2 protein chains.
Amino acid sequence: MIPTMMRRFPMSFYSKIIRKSPISQSFFLSRSYSSEANDQISHKKYTPKVAKGMRDFSPEQMAIREKVFETVRAVFSKHLAGQLDTPVMELTETLTEKYGEEGAKLIYNLADQGGEILSLRYDLTVPLARYVAMNRLFNWKRYQLGKVYRREQSQASKGRYREFYQCDFDIIGKGVTMIQEAEILKIIVEILEKLDLKFIIKVSHRLLLDALLKVAGCPIEKCQNISSSIDKLDKEDWNTVKQEMIEKGITEDVADSIGKYVRIKGEAWSILSELKKFKEITENETGNLALSELEKLFEFTDVLGTTQYLSLDLSLARGLDYYTGLIYEAILLKTDTSLGSIAGGGRYDNLIAKLSENKVNTPAVGVSLGVERIFAFLEEKYKNEKILHPKRSVLVAQAGSSNKYLLVKERLKICNLLWNGGIPCEMSYKEKSDSKGQAGYAGEVGIGFIVWIGESEIERGKVRVKSLNTHEETEVEINDLVSFINNKGYSAF
Amino acid sequence: MIPTMMRRFPMSFYSKIIRKSPISQSFFLSRSYSSEANDQISHKKYTPKVAKGMRDFSPEQMAIREKVFETVRAVFSKHLAGQLDTPVMELTETLTEKYGEEGAKLIYNLADQGGEILSLRYDLTVPLARYVAMNRLFNWKRYQLGKVYRREQSQASKGRYREFYQCDFDIIGKGVTMIQEAEILKIIVEILEKLDLKFIIKVSHRLLLDALLKVAGCPIEKCQNISSSIDKLDKEDWNTVKQEMIEKGITEDVADSIGKYVRIKGEAWSILSELKKFKEITENETGNLALSELEKLFEFTDVLGTTQYLSLDLSLARGLDYYTGLIYEAILLKTDTSLGSIAGGGRYDNLIAKLSENKVNTPAVGVSLGVERIFAFLEEKYKNEKILHPKRSVLVAQAGSSNKYLLVKERLKICNLLWNGGIPCEMSYKEKSDSKGQAGYAGEVGIGFIVWIGESEIERGKVRVKSLNTHEETEVEINDLVSFINNKGYSAF
């Protein structure tokens with residue numbers, strides 16, 4: 001029943017929901033129902049399912065996702081960027097010729113129902129560029145959190161989703177060379193440190209790659225295509241990549257010559273001085289420019305304390321067409337094993353001009369966080385913790401065997417008191433619920449307190465409060481209930 | 001350049017951005033660029049624009065939107081619902097026959113690019129029902145915030161958008177009659193009170209409407225169609241609606257008989273006792289059931305202190321096909337003028353069964369907040385306030401006329417200190433920026449403090465801090481800077 005793409009995803013939360021249902025069912029349900037369809041229900045065969053390659057997020061997953069978003073938003077706005085939101089749909093012409101040949105195949109198009117020809121956005125960078133061009137902004141910072149869409153084919157996709165979140169931060173307008181790049185790298189570091197993740201950031205420079213390919217003898221018209229082979233070096237071994245390059249039409253000598261460079265990687269400053277020893281690079285104009293920009297970058301990352309995370313890695317190429325300068329990619333590590341890329345970006349000085357009516361030169365640099373891998377990693381980490389409800393949450397429960405309708409209203413009265421006091425709480429919707437069932441439910445979903453009410457307590461204006469953390473039970477005046485719970489002062493997840 | 005649909009929206013924030021650009025431009029920009037297109041830019045004519053009926057949200061608008069979302073989330077989770085997220089796309093078959101004839105026309109379909117036939121979601125209720133059916137949940141609460149899509153035609157739409165947010169809260173599973181409905185109404189009241197809005201909530205009951213139409217002599221097969229005419233009574237006068245009904249094929253007598261009932265509205269308890277005087281309703285089985293449910297509801301809303309907001313209004317019908325019991329709609333008021341509906345919902349006991357494989361009876365009740373009107377209202381309210389940046393935000397600025405590259409690094413060092421200390425801050429990306437320009441920028445975007453650095457201060461390990469709120473200027477040791485700013489203790493917007 002659960003589609004293939006969803007199975008690839010950690011199932012812990014799905015199975016948790018299913019495991020839970022018997023208890024919550026008996027807890028909430030006041031009458032039993034037959035499963036017979038009533039008159040109004042059509043008898044057409046229908047099996048409920050989610051679209052292929054997409055997925056629902058359960059409340060347990062959403063709790064983690066919101067934690068990640070909060071962290072991302074906090075860091076982005078600490079750098080005084082405002083938040084932008086753009087529609088999920090763009091005019092198809094806005095997206096064409098931005099993502100290379102392979103990217104173009106993955107774009108979702110809307111059916112032609114009359115009116116404009118529309119597509120779903122493939123990333124957040126092109127919509128940003130469209131917004132900046134449309135509003136004629138020249139100097140601006142913004143962040144954006146949103147879903148993007150790619151028609152990945154399940155065979156090739158290896159767990160990639162067709163709908164997934166990106167979190168982008170971009171700076172529009174030119175500054176001191178490499179200062180904006182250094183701030184973007186700082187932002188990546190702040191977010192990943194705050195999420196307590198282990199990572200490195202690969203950096204390289206598009207002009208350096210261009211220079212390397214040129215001095216290695218790669219024909220200029222093949223550079224783009226060869227770059228995309230080089231980009232596979234993080235997943236494939238050199239011989240496989242070399243073979244692919246030769247199939248793309250370069251000689252074995254040229255391939256070997258490229259291979260000499262693109263397997264260089266390591267600590268930022270030491271690789272930089274190693275590269276400076278290659279005369280053919282320093283004597284090449286773009287190669288030399290790239291090296292001097294990298295040097296400036298590392299001076300700034302030294303100031304910002306982020307150089308330790310950088311790996312200067314000449315195999316990094318980044319697939320998209322629009323990068324023009326520094327490029328980078330953050331890799332999530334588990335001890336020393338790579339769990340894949342979790343952020344990527346770079347300088348793209350020509351994209352906005354392409355989308356502007358008068359082709360106004362508007363340089364830009366940014367990063368896109370691919371948060372899905374972060375979610376998956378954190379879900380695994382928190383899978384045994386009860387994170388759904390805050391620790392000061394309350395279940396208002398009915399004690400004893402009394403079956404009086406009166407107690408429904410009394411429970412509701414206590415809930416109202418707590419809600420008005422800002423305390424998260426709920427009650428069973430049943431007229432009567434046994435004590436064991438209510439206590440079991442509260443423990444299972446991770447509620448902090450049970451407020452027990454019974455007829456004798458109500459008469460005396462009191463309730464019994466049981467903490468499910470300390471197991472203390474206290475009789476509390478109803479009038480003091482809000483401050484009693486608040487004074488326990490447990491913080492939320 | 002701005003599409004028609006966007007013009008309908010308050011323009012204040014768009015024009016603010018445009019007004020700002022000259023200053024921020026001179027502030028950030030370090031060199032000037034020619035507007036000549038470079039080699040890589042294609043010369044195809046392209047005008048950047050947003051899809052018709054959709055819109056971008058600027059950072060100023062997003063600040064307000066996030067404030068609304070925070071309020072909504074806080075109230076929803078106070079009632080211990082978890083958050084759900086579902087894909088923007090659903091299988092087309094999931095959406096068919098859920099929204100009536102008129103709704104169906106508004107659904108966006110994806111192009112057939114091979115694979116499944118997909119559509120964009122029209123609301124969040126059907127995806128919820130699909131999720132509940134798929135995961136076989138019987139007793140559950142959830143909330144969801146997300147965009148929905150409707151192909152409104154601009155002529156007919158009167159400022160409606162084709163992409164807009166909904167915020168939904170739903171309770172799945174049966175409880176004591178009307179207790180869940182009362183909690184949903186409480187949630188609506190809590191959110192709208194917290195946002196400091198003036199409103200009323202119209203309530204009615206589908207079974208009451210059915211009974212009224214029956215006793216008025218409306219043929220049963222026309223009831224659905226006549227209901228949608230009745231629903232227009234909030235915008236059109238009685239004679240127009242009556243004419244429409246007659247055109248739909250009922251006699252003038254029946255129309256007048258319907259009119260006698262559906263113009264009844266007012267304070268909950270008094271209208272209820274008025275209705276009880278109609279023998280033809282109390283003697284009708286569904287009519288009587290509806291009245292007794294309304295009575296129970298008002299008992300609960302009395303406990304929850306929300307009856308004061310209710311208007312029992314027999315003209316309320318709600319367009320969608322799937323409601324089966326209590327229905328409600330919150331109306332935003334400006335003094336006594338209606339600014340339109342901002343929330344709606346009701347009981348829908350059959351929808352989930354329709355989407356479940358074995359047609360399992362799964363009753364449900366919920367509300368959907370249409371937050372776009374709330375955004376528009378609050379944008380107007382805050383249009384003259386600087387809400388984008390928190391009051392403790394800092395601009396690190398360069399004093400005097402020194403042109404030394406050194407100061408770029410010194411500014412970056414101070415920024416780093418502040419970022420690491422959790423304080424929102426930024427600096428100009430230019431090598432040199434004059435004092436007036438920097439101070440002007442900070443004042444305009446609403447920054448709280450300027451930290452001025454100059455060579456002489458740096459040598460002594462100090463900076464000058466100027467508050468833009470109190471205009472005090474203080475010399476502060478660099479080591480004490482973070483605690484100095486934190487101690488000013490301004491809270492964010």
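**Chains A and B: the interface and one helix**

Good morning. I begin with a single pair: A:Arg65 forms a salt bridge with B:Asp85, and their closest N and O atoms lie 2.8 Å apart. Please bear in mind that this is a predicted model.

That pair belongs to a wider set, since the rule finds 12 salt bridges across the interface of chain A and chain B. Polar contacts between chain A and chain B amount to 44 residue pairs, both residues being at pLDDT 80 or more. In terms of contacts, 128 residues of chain A meet 130 residues of chain B. The two chains bury about 11800 Å² between them, and 59% of that area is on carbon and sulfur atoms. Which three residues supply more than any others of the area that chain A buries against chain B? They are A:Tyr46, A:Leu80 and A:Tyr429, which supply 8% of it.

A:Tyr46 leads us across to chain B. Leaving aside neighbours within four places in sequence, B:Glu93 is in contact with A:Tyr46 and with B:Lys98. B:Glu93 sits in helix H4 of chain B, residues 92-95. Is B:Glu93 buried, partly exposed or exposed? Its relative accessible area is 36%, so B:Glu93 counts as partly exposed. B:Glu93 and B:Leu355 are 262 residues apart in sequence, yet their C-alpha atoms are 9.9 Å apart in space.

Let me turn to chain A as a whole. Chain A has 21 helices and 16 strands. Of its 493 residues, 59% count as buried. Among the contacts in chain A with a separation of 6 or more, 69% are between residues 24 or more positions apart. The accessible surface of chain A comes to about 19500 Å², with 48% of it belonging to carbon and sulfur atoms.

I close with one helix of chain A, H11, which spans residues 238-247. Its buried residues are A:Trp238, A:Val241, A:Lys242 and A:Met245. Why do these residues lie on the same side of H11(A)? They do so because they cover an arc of only 100 degrees around the axis. The general background is that an α-helix has 3.6 residues a turn, so residues three or four places apart point the same way. On the other side of H11(A), A:Asn239 and A:Glu247 are exposed. What covers the buried residues of H11(A)? The cover includes two helices of chain A, H10 (223-230) and H12 (252-262). After H11(A) comes A:Gly249, which has a positive phi, near 105 degrees.

Thank you for your attention.

Technical notes. Residues numbered from 1 in each chain as written. Chains lettered and ligands numbered in written order. Predicted model: local features only at pLDDT ≥ 70, side-chain atom pairs only at ≥ 80, totals over all residues. Heavy atoms only, no water. Buried < 20%, exposed > 50% of the residue type's maximum accessible area, 1.4 Å probe, protein only. Helix = DSSP H or I, 4+ residues; strand = E, 2+ residues; numbered from the N terminus. Arc of directions from axis to C-beta. Contact = heavy atoms within 4.5 Å. Areas by Shrake-Rupley, 256 points an atom, 1.4 Å probe, with all protein chains shown as cover. Buried area = accessible area lost by both parts, 1.4 Å probe. Salt bridge = Lys/Arg side-chain N within 4 Å of Asp/Glu carboxyl O. Polar contact = N/O pair within 3.5 Å; in protein donor to acceptor, adjacent residues only side chain to side chain.
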